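Colleague: Got a minute to walk me through this one? I'd like to start with charged pairs.
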Amino acid sequence: MKYLFTGGGTAGHITPALAVAEVLRETEDDAEILFVGREGGAENERVRALGYKVRELPVAGFERRFTMKNVKAILTLCRGLGTAGRILDEERPAVILGTGGYVSYPILHVGARRGISVFLHESNAAPGLAARRLAARCEAVLLGVPGSEGAFPASVHTEVVGNPVRRGFCERSKKEEKRRLGIPPDRLMILSFGGSLGSERMNELLLSFLAEDSSEQKKILHIHATGERYFSSLPEKYKRFTKGGGNCRILPYIDDMPRLMRAADIVISRAGAMTLSELAVAECAAILIPSPNVTENHQYKNAKHLSDAGAAILIEETELSEKSLTDAVRLLETDAARRLSMSRAIARFAMPGAAEKIAKILKSAAAGEKSR
């Protein structure tokens, strides 16, 4: 049976698809899995590296107001619809799952018109424009956040399944993962990143914090990912941290996020829906800095929900400074009881088994069973 996954642009669109594909590959001997990503997307190479076939199609984002960029985006969409049709003609999948990003639209749109079972997974409480436009064409919209059903018309079939995370996030305890990574149990590990694409503002402060503070704290291991586009222009004074050794490391991208996040005592990150699902499953004490550049400010809402429950520390980007960051890190560094309390609180937001639930839904659809 052939399953087609489509999504891209950020890790938040790719990781849920990979989690479901992992389950299908392990539980169905004859499963064929194809990914369709955006043309030239860096994430496509990471998917290929895991042994999956990837095809690409042209896509471009739309502005929420009329600009000449939107004219170009419409022309690109027309090309993308044509490419989507050719891919479906050649690959003939039994079922399609879209996990977000503009690249999902052409494949799901054309697939639905051709009578293929199409599903959409929406990880955020506030769905994007493409999700709302596609929902009525889908056999079901699979939701990552309880309570988000109201974002869609009553005629749309929705099902809350949670956000699928890779198994590595929950396979071993923090103590076991530290041991596997060669980190002494008494050494505090800090993991920081600004999302899969990186964040200029977070890099600015975290690199300074890492160089001036973490590097002096020998009982700390601090790993920071800049995002690939920022890594190539890293200032000279930070390049010594890219070579390994010591207690501070700077990477362009974290390829083995499950192991590192599971081992981390403190995580400093953005507040995308998939990141928060991973933090919950990995039971991490987290400092969340929501991106202000997202639709309907949904990252702030995500982070506020956790901070109100004592499950994270929230720092808005407008309040982010060397002092606010240092104060938050110091609080968690010196208070093991606070870290434990936060890790237990965030664990209550985990929805394990989401990947298995989605895989089961896709298998049923591929076998000709309708989800409603």
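Colleague: Which residue does Glu 228 form a salt bridge with?

Modeller: Glu 228 pairs with Arg 46, and the closest N and O atoms are 2.9 Å apart. A salt bridge here is a side-chain nitrogen of Lys or Arg within 4 Å of a carboxyl oxygen of Asp or Glu. This is a predicted model: local features need pLDDT of at least 70, side-chain atom pairs count only at pLDDT 80 or more, and totals for chains, interfaces and linings use all residues. Residues are numbered from 1 along each chain as its sequence is written, and side-chain values use heavy atoms, with hydrogens and water left out.

Colleague: Where do Glu 228 and Arg 46 sit?

Modeller: Glu 228 is in helix H8 (residues 228-231) and Arg 46 is in helix H2 (residues 43-49). The pair links distant parts of the chain, 182 residues apart. Helices (H or I, at least four residues) and strands (E, at least two) are DSSP runs, numbered from the N terminus.

Colleague: Is Glu 228 buried or exposed?

Modeller: In between. Glu 228 is partly exposed, with a relative accessible area of 41%. Arg 46 is partly exposed too, at 23%. Buried means under 20% relative accessible area, exposed over 50%, and partly exposed in between, with a 1.4 Å probe and protein chains only.

Colleague: How many salt bridges does the structure hold?

Modeller: It holds 24. Another one joins Glu 91 to Arg 55, with the closest N and O atoms 3.2 Å apart. Glu 91 lies in helix H3 (residues 68-91) and Arg 55 in strand E3 (residues 53-57), so this pair ties together parts 36 residues apart in sequence. Glu 91 counts as buried at 7% relative accessibility, while Arg 55 is partly exposed at 23%.

Colleague: Which residues are linked in a network of salt bridges?

Modeller: Lys 2, Glu 32, Lys 53, Arg 55, Glu 90 and Glu 91.

Colleague: Back to H8. What does Tyr 230 touch, leaving aside its neighbours within four places in sequence?

Modeller: Tyr 230 lies in helix H8. Contact means heavy atoms within 4.5 Å. By that rule, Tyr 230 meets Leu 197, Gly 198, Ser 199, Glu 200 and Asn 203. The C-alpha atoms of Tyr 230 and Ser 199 are separated by 8.3 Å, and the two residues are 31 residues apart along the chain.

Colleague: New topic: empty space. How many cavities of 30 Å³ or more are there?

Modeller: The count is one. On a 1 Å grid over the protein atoms alone, a cavity is a set of points where a 1.4 Å probe fits but cannot get out, and a pocket is an open set with protein on both sides within 12 Å along at least five of seven lines; lining residues have an atom within 4 Å of a point. The largest cavity holds about 50 Å³ of space. Grid points are joined across faces, edges and corners, and a volume is the space filled by probe spheres set on the points.

Colleague: Which element gives the largest share of the lining of the largest cavity?

Modeller: Strand E2 (32-38), with three residues. Among the lining residues are Phe 5, Ile 14, Phe 35 and Val 47.

Colleague: And the second largest pocket, how much space lies there?

Modeller: About 380 Å³. Of its 20 lining residues, the closest to its centre are Gly 144, Val 145, Leu 276, Ser 277 and Phe 349. H10 gives the largest share of the lining, five residues.
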